[in-house]
Amino acid sequence: MQLGTRWPVGSAAPAGLPEVVSKAISTVEEELAADGVDAGTWRWTLTWLERKPVVELDDGTVIRYNPADDTATITSSGLDDES
């Protein structure tokens with residue numbers, strides 16, 4: 001079993017995440033900043049499900065890793081984006 005972790009928005013993501021997941025996290029954080037969202041107290045939560053990372057932000061945004069095609073899917077407010 002692999003444990004997850006939590007970290008604040010704007011801080012470095014945990015080591016060991018696939019690069020595409022780290023990029024997706026950065027993309028979400030950049031969009032929040034561009035939209036003027038005050039996410040200073042928000043945190044990311046990393047959970048490992050079947051050895052695949054699932055990252056969730058306090059606002060409900062979820063990033064899932066797709067190992068078959070090495071992509072990350074961002075789900076936010078009912079919208080899906082592939083990175």
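Which residue forms a salt bridge with Glu 19? Select Glu 19 in this predicted model and display the side chains around it. The partner is Lys 23, and the closest N and O atoms of the pair are 3.1 Å apart. Both residues belong to helix α1, where they are four residues apart, about one turn of the helix. Glu 19 counts as exposed, because its relative accessibility is 55%, over the 50% that marks an exposed residue.

**The overall layout**

Next, colour the whole chain by secondary structure. The protein contains one helix and six strands, arranged along the sequence as β-α-β-β-β-β-β. Of its 83 residues, 34% are buried. Among contacts between residues at least 6 apart in sequence, 42% join residues at least 24 apart.

**Strands β1, β2 and β3**

Select residues 5-8 and 43-49, which are strands β1 and β2. These two strands pair in the antiparallel sense, with four bridges between them. One place to check the register is Pro 8, whose bridge partner in β2 is Arg 43.

Now add residues 52-57, strand β3. β2 and β3 also pair in the antiparallel sense, here over six bridges. Trp 48 has Pro 53 as its bridge partner in β3. The hairpin formed by β2 and β3 has two residues between the strands, and Glu 50 in this hairpin takes a positive phi near 50 degrees.

Keep β2 selected and show its side chains. In a regular strand, side chains alternate between the two faces of the sheet. The covered face of β2 carries Trp 44, Leu 46 and Trp 48. On the uncovered face are Arg 43, Thr 45, Thr 47 and Leu 49.

**The aromatic pair**

Select Trp 7 and Trp 44. The structure holds one aromatic pair, and these two residues form it: their ring centres are 6.3 Å apart and their planes lie at 20 degrees, so the pair is stacked. Trp 7 lies in strand β1 and Trp 44 in strand β2, so the pair ties together parts that are 37 residues apart in sequence. Are these residues buried or exposed? Trp 7 is buried, with a relative accessible area of 5%, and Trp 44 is also buried, at 0%.

**The nonpolar core**

From Trp 44, extend the selection to the largest nonpolar core, which has 20 residues. Val 21, Ile 25, Val 28, Trp 44, Val 55, Leu 57 and Ile 63 are the members that touch the most others. At least two residues of this core come from each of α1 (19-34), β2, β3, β4 and β5 (71-76). Helix α1 gives the most, with six residues. In soluble globular proteins, nonpolar side chains tend to be buried together.

Centre the view on Ile 63. Leaving aside neighbours within four places in sequence, Ile 63 is in contact with Val 21, Ala 24, Ile 25 and Val 28, among others. The contacts of Ile 63 also include Trp 44, Pro 53, Val 54 and Val 55, as well as Ala 72, Thr 73 and Ile 74.

**Thr 61 in the β3-β4 loop**

Move to Thr 61, in the loop between β3 and β4 (62-66). Thr 61 is buried, with a relative accessible area of 3%. Its side chain makes a polar contact with the side chain of Ser 76, at 3.3 Å. Not counting residues up to four places away in sequence, Thr 61 touches Val 28, Val 55, Glu 56, Ile 74, Thr 75 and Ser 76.

**The second salt bridge**

Stay in this loop and select Asp 58 together with Arg 6. The structure holds two salt bridges, and one of them joins Asp 58 to Arg 6, with the closest N and O atoms 3.7 Å apart. Asp 58 lies in the loop between β3 and β4 and Arg 6 in strand β1, so the bridge ties together parts that are 52 residues apart in sequence. Asp 58 is partly exposed, with a relative accessible area of 40%, and Arg 6 is partly exposed, also with a value of 40%.

**Last stop: Lys 52**

Finally, select Lys 52, in strand β3. Lys 52 is partly exposed, with a relative accessible area of 31%. Excluding neighbours within four places in sequence, Lys 52 is in contact with Thr 47, Tyr 65 and Pro 67. To end the tour, draw a distance from Lys 52 to Leu 17: these residues are 35 apart in sequence and 9.2 Å apart in space, C-alpha to C-alpha.

Technical notes. Residues numbered from 1 in each chain as written. Predicted model: local features only at pLDDT ≥ 70, side-chain atom pairs only at ≥ 80, totals over all residues. Heavy atoms only, no water. Buried < 20%, exposed > 50% of the residue type's maximum accessible area, 1.4 Å probe, protein only. Pairing = 2+ DSSP bridges. Phe/Tyr/Trp six-rings, centres within 6.5 Å; stacked < 30°, edge-to-face > 60°. Polar contact = N/O pair within 3.5 Å; in protein donor to acceptor, adjacent residues only side chain to side chain. Contact = heavy atoms within 4.5 Å. Core = buried A, V, L, I, M, F, W, Y, C linked by side-chain atoms within 4.5 Å. Salt bridge = Lys/Arg side-chain N within 4 Å of Asp/Glu carboxyl O.
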